[in-house]
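I opened this model to look up its internal space and its surface. My notes follow in the order of the lookups.

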Amino acid sequence: MVKNIVRVKNDFFNYALTWLIFKNKFFLLAIRLVILALFVAALTYGFLNPSPRTFHFNVGIFWSLFWPFFMVASLGTFGALFCGVCPHGFVGKYLTKYGLKHTMPLWMQNPLIGLGFLVLFYWLMLYLFPDILKSPLAASAFFGAFTVLALLSFFLFKDMSYCKYLCPIGSITASFSKVSFTRLATYQDACLTCKGYECAKACPYHLSPFNFDKNSSMKECKLCMECAHACEAVGFFVQKPSSSLFTVSKAGKMTEVWTYIIIACVASIAMILQNALGNSPTAEALPWRMAAHAYEAHFGKSMVSIEGVVVLILAMILTFTCTVGVYKVASKWLNIPFKTIFLVAGYAIAPLVIFGGMAQTIPFFFTHYANEAINGVVLLLDPNATPWQAYVTKQTLWLRVFALMHFVGVFWGLKVLHVRVKQLGFLAYPWRVFMLLGAFHWLYLGLIVFVIGVFVFK
């Protein structure tokens with residue numbers, strides 16, 4: 001075990017403030033206890049106060065702070081930092097020590113299972129039953145069900161397997177944390193003489209931090225910092241954003257690319273179609289809005305949002321045609337295995353989805369989420385209090401700056417794609433390959449430009 005290390009300038013552990021925030025075990029424990037207390041209080045609130053009302057404490061905490069803001073904002077910057085303070089992982093780390101420590105069955109060791117939970121029980125509900133998750137009982141039932149699944153998994157299986165494979169959020173963090181400007185690694189000079197492997201022994205996820213740099217991958221690291229507490233040779237470094245995406249590596253996984261594609265469908269294209277265009281001056285002329293009106297005129301009001309159904313179907317057609325469909329065409333044209341094309345081009349979608357998600361989530365936080373979270377707390381303390389009104393609206397000028405993040409995501413993704421395509425060695429026609437494999441980026445860019453044009457020339 002290394003007890004002293006000369007740290008470099010780009011190591012967060014080299015500075016008192018960032019050392020306190022990211023490494024100090026007592027500070028991290030305090031943060032985790034506060035978040036755990038908020039989580040338990042919000043979970044309990046929904047079951048004790050199930051009746052609908054304008055603002056609710058648990059709805060504000062779950063859907064305004066935990067999921068949309070902390071999760072989305074941290075992934076594109078510091079990586080899987082949210083997982084490091086997650087109440088499930090915090091409790092699970094202790095529960096698994098006294099559990100049965102079975103190995104999770106191979107058929108369950110697939111992060112697409114967790115992603116499937118997220119798509120089915122969150123995104124699908126959001127489009128088909130738009131108001132259902134706004135109920136305090138539904139919000140608590142949603143997080144309560146996954147809490148039971150998490151605790152049971154931690155008790156049954158070893159190596160924090162729930163976080164790696166079954167957690168709806170964990171399946172995303174492992175893939176999208178590659179976009180961040182940080183990495184956890186070790187000082188290799190100090191590791192050369194290491195005999196105890198304390199960092200690996202301390203890792204509750206059974207990972208080997210001393211191999212992260214060598215493998216160009218942090219694998220399923222959730223930034224719990226247990227390894228950093230065990231050995232001073234561990235560092236938390238600033239790096240070029242999404243630097244690992246600029247190298248075609250053997251560590252690439254099909255499941256990670258499928259994560260990008262599925263989230264791009266439900267959280268990027270579908271959200272643009274329904275929210276951005278749905279709130280535009282041309283909203284009533286949109287085919288999916290007209291289809292919903294026609295259905296209701298003929299069959300009456302439906303429990304399911306017909307508009308949401310049409311939007312999801314259209315988003316799936318557009319997304320999978322411009323990704324999987326295009327990759328199959330490129331595979332036949334270039335006579336290169338589909339898996340190779342899939343991994344080379346698919347990773348370039350990650351920056352687009354992350355920055356695009358931030359472009360939508362951050363403005364919505366200021367116009368809705370923040371106000372809902374504050375009112376949830378205020379009305380919990382005083383049910384008769386007058387709700388606070390939002391000080392920021394959609395017309396607030398400075399919010400429009402965040403729209404630029406859409407373009408950052410598109411062009412950053414295209415830059416990643418260009419570099420990865422060059423590494424394949426398409427010397428005869430690299431630009432033709434680049435233009436073809438960037439089909440999804442061109443689709444996204446076209447939709448964003450169209451949305452902006454609709455508002456400008458209304």
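Entry 1, cavities. I am working from a predicted model. I looked up the volume of the largest cavity and got about 330 Å³ of space. I then asked which of the lining residues are closest to the centre of this cavity. They are Phe82, His88, Phe143, Cys167 and Ile169, out of 22 residues that line the largest cavity.

I noted where the lining comes from. The elements that give two or more residues to it are α3 (57–75), α4 (81–85), α5 (87–95), α6 (111–128), α7 (136–156) and α8 (161–166). I sorted the lining of the largest cavity by residue class and wrote down 18 nonpolar, 3 polar and 1 charged. For the cavity count, I have 3 of 30 Å³ or more.

Entry 2, surface. I searched for a nonpolar patch and found one formed by Leu17, Trp19, Leu20, Ile21, Phe27 and Ile31. Together these residues have about 480 Å² of accessible area. Which elements each supply at least two residues of the patch? I recorded α1 (16–22) and α2 (25–48). The element that gives the most is α1, with 4 residues.

Entry 3, one patch member. I picked Leu20, which lies in helix α1. Is Leu20 buried or exposed? Its relative accessible area is 31%. Buried means under 20% and exposed means over 50%, so I logged Leu20 as partly exposed. Patch membership requires over 30% relative accessible area, and I note that Leu20 has 31%.

Definitions and conventions:
Residues are numbered from 1 along each chain as its sequence is written. This is a predicted model: local features need pLDDT of at least 70, side-chain atom pairs count only at pLDDT 80 or more; totals for chains, interfaces and linings use all residues. Side-chain values use heavy atoms; hydrogens and water are left out. Patches are made of residues with over 30% relative accessible area and no salt bridge: like charges are joined within 9 Å, nonpolar side chains (Val, Leu, Ile, Met, Phe, Trp, Tyr) within 5 Å. Accessible areas come from the Shrake-Rupley method with a 1.4 Å probe; for residues, only the protein chains shown count as cover. A salt bridge is a side-chain nitrogen of Lys or Arg within 4 Å of a carboxyl oxygen of Asp or Glu. Buried means under 20% relative accessible area, exposed over 50%, partly exposed in between (1.4 Å probe, protein chains only). On a 1 Å grid over the protein atoms alone, a cavity is a set of points where a 1.4 Å probe fits but cannot get out, and a pocket is an open set with protein on both sides within 12 Å along at least five of seven lines; lining residues have an atom within 4 Å of a point. Grid points are joined across faces, edges and corners, and a volume is the space filled by probe spheres set on the points. Ala, Val, Leu, Ile, Met, Phe, Trp, Tyr, Cys and Pro count as nonpolar, Asp, Glu, Lys and Arg as charged, and the others, Gly among them, as polar.
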